Amino acid sequence: MSRPEIRVRALHKSFGADEVLRGIDLEVGRGEVVCVIGPSGSGKSTLLRCVNLLEEPTRGQVFVGDAELTDPDVDIDAVRRRIGMVFQQFNLFPHLTVAENLTLPQRRVLRRDKAEAARVAARNLARVGLSEKADAYPAALSGGQQQRVAIARALAMGPEVMLFDEPTSALDPELVGDVLAVMRMLADEGMTMMVVTHEMTFAREVADRVVFMDGGVIVEDGTPDQVIGAPRHARTRHFLSRLLDPATAAVRKEPPDRVGHGD
Amino acid sequence: MTGPEHTDVTPRRKGLTRRQRRGLARGTQYAVFAAAVTALAVAADWGRLRNQFAQADIARQMFPDVITLALKNTVLYTLSGFVFGLVLGMVIALMRLSSVGPYRWLASVYIEIFRGLPALLIFIFVGVAVPLAFPGTEIPGGTYGKVALALGLVSAAYMAETIRAGIQAVPKGQLEAARSLGFSPARAMVSVIVPQAFRIILPPLTNELVLLFKDSSLVLFLGVTLQERELSKLGRDLASQTANSTPILVAGLCYLLVTVPLSLVVRRMESKAQEAVR
């Protein structure tokens, strides 16, 4: 691992009395792809949202590059420009066309001129294979296309790190592949990526590391072969068996240590 | 279709069938309507009404002033009040959503006061209290400025609540997406949230415009020159000059000329918004 691009130290996050993250330590090296897996309510989305401070940590530190996001004096808008984020619900701006979705943030945030913003937008739309949709409105696109536009929008800002929050969970199954293909391309190009996902095949093939979270802590952290192929912890095995073959799951008691917070 | 044995066991109520009852209900409603119209037609003294309200030559004398002067002034008063109210309403809506407590309280107090007072009192207040409070100063724009101020003060309270609701109706993910791209809170509000909020609140804002159009008649409590008269004032003046109420009817029709199309536009926007639900 080269020098860490993302560093999380002793991170705690509570929503009221509900402690969702209970001390997370994690490093993501430059160019590394880390998939975060775990049952719903395990805190994995909250962890990801803490990395660009969409959620404010209760305790602990988050570094991206050489900036400490948890420093109260940090220029958070400047740091966020280096961090692309892709949401489960796409969150494209519905009142703008696809091209405008890509150019508006460049113009308003990076102050790029019109021609430059348009050129960067066109290049990134081409990367996700949607050049022909530039003038369409998001509502006219399929979920998979919207998510690829959302990825292109984040890429147009020239981020050093990309965060993906269950990017395929809101998609119809037949549309998942196109989005994963784009993410795979990014990984191959050396983008530093942190991906919260339930796509085990993607995690196995693309991730350098897989992190299994449960109950607000990291239970297991290792290569895909270690964590998915030969999990050491019972909780990991339990989760994976439920995920890989949900039909065999019987009605049973909740796994221990679960925090009941939806993420 | 089920077999014949099923029809045999279908419980048949005695008396009217469903179809007969529906027919009866509808027939009753038409009958009541017809009776009401007939009663009105018979009871009212149409001859006298026509004499008092529909004198063609009096109506003809009103043109072109009623359009070129009165309707024009009504539109100008309304628009200036609307623009002022929209700007003020936007500010108050943002204050209502502010994280700074005193801003929120101030906005709430403003909204409660100006929604709770009759527009007429606000006009009198602007006409009397403002010159008293600031002697020597003139509200810029003369009567137009005063009307814009009075109408704006009233409508800002309503529009602030509408705008606030619109801003809150924009999904939370939109702000998160903007922030994650590096927008500051203020820039995200201006570039992403407010444009979407206005799309949502276009119908209620247009309704507010219709209300203001009618409220502009209150300008007569400010005292206006002949050239500044709007529809209601002109109608009343001419009615007393001619000792006939035809000008009132004509002025009324002029209001409808604007308000009915506007209402239709609102209805179209609403049904379009319903279709576009995604």
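This talk describes a predicted model of two protein chains, A and B, and the contact between them.

Good morning. I shall take the chains in turn and then turn to their interface.

Let me begin with chain A. Its secondary structure comprises 9 helices and 10 strands. The radius of gyration of chain A is 18 Å, close to the 18 Å that the globule rule gives for 263 residues, so chain A is as compact as a globular protein of that length. Along the principal axes, the C-alpha trace of chain A spans about 55 × 45 × 35 Å.

As for annotation, an unreviewed UniProt entry lists residues 6-240 of chain A as "domain: ABC transporter". In the model, that stretch of chain A is 36% helix and 26% strand, with its end C-alpha atoms 26 Å apart.

One local detail in chain A deserves mention. The side chains of A:Glu116 and A:Arg119 form a salt bridge, with an N to O distance of 2.4 Å. Where do these two residues sit with respect to each other in helix α4? A:Glu116 and A:Arg119 are 3 residues apart in that helix, which covers residues 114-127 of chain A, and so they are separated by about one helical turn. Over all chains, the count comes to 21 salt bridges.

I now turn to chain B. Here there are 12 helices and 0 strands, so that reading from the N terminus one meets α elements throughout. The overall dimensions follow. For a compact globule of 278 residues one would expect a radius of gyration near 19 Å, but chain B has 27 Å. The C-alpha trace of chain B spans about 90 × 70 × 30 Å along its principal axes.

The record for chain B is again an unreviewed UniProt entry. It assigns "domain: ABC transmembrane type-1" to residues 71-266 of chain B. That span is 81% helix and 0% strand in the model, and its end C-alpha atoms lie 21 Å apart. The annotation "transmembrane region", also from an unreviewed UniProt entry, covers residues 23-44, 75-95, 116-137 and 246-266 of chain B. Let me take two of these. Residues 116-137 of chain B are 73% helix and 0% strand, with 28 Å between the end C-alpha atoms. Residues 246-266 of chain B are 100% helix, and their end C-alpha atoms lie 30 Å apart.

Finally, the interface. How many residues does each chain bring to the contact? Chain A provides 24 residues and chain B provides 20 residues. Together the two chains bury about 1800 Å², 58% of it on carbon and sulfur atoms.

The polar side of this contact can be itemised. There are 4 residue pairs in polar contact between chain A and chain B, counting pairs with both residues at pLDDT 80 or more. The count of salt bridges between the two chains is 2. A salt bridge joins B:Arg179 to A:Asp77, where the closest N and O atoms are 3.2 Å apart.

Which elements of chain A supply the side that touches chain B? At least two residues each come from α2 (76-80), β6 (83-86), α3 (98-109) and α5 (143-155) of chain A. The largest share comes from α3(A), with 4 residues. By residue class, the side of chain A that touches chain B divides into 14 nonpolar, 3 polar and 7 charged residues.

That concludes the presentation, and I welcome discussion.

Conventions: Residues are numbered from 1 along each chain as its sequence is written. Chains are lettered from A and ligands numbered from 1 in the order in which they are written. Side-chain values use heavy atoms; hydrogens and water are left out. UniProt positions are given in the numbering used here, feature names are shortened, and annotations may be inferred rather than shown by experiment. Contact means heavy atoms within 4.5 Å. Buried area is the accessible area (1.4 Å probe) that two parts lose on being put together, summed over both. A salt bridge is a side-chain nitrogen of Lys or Arg within 4 Å of a carboxyl oxygen of Asp or Glu. A polar contact is a pair of N or O atoms within 3.5 Å; within protein, one must be able to donate a hydrogen and the other to accept it, and residues adjacent in sequence count only if both atoms are side-chain atoms. Ala, Val, Leu, Ile, Met, Phe, Trp, Tyr, Cys and Pro count as nonpolar, Asp, Glu, Lys and Arg as charged, and the others, Gly among them, as polar. The radius of gyration is taken over C-alpha atoms; the globule rule is 2.2 Å times the number of residues to the power 0.38.
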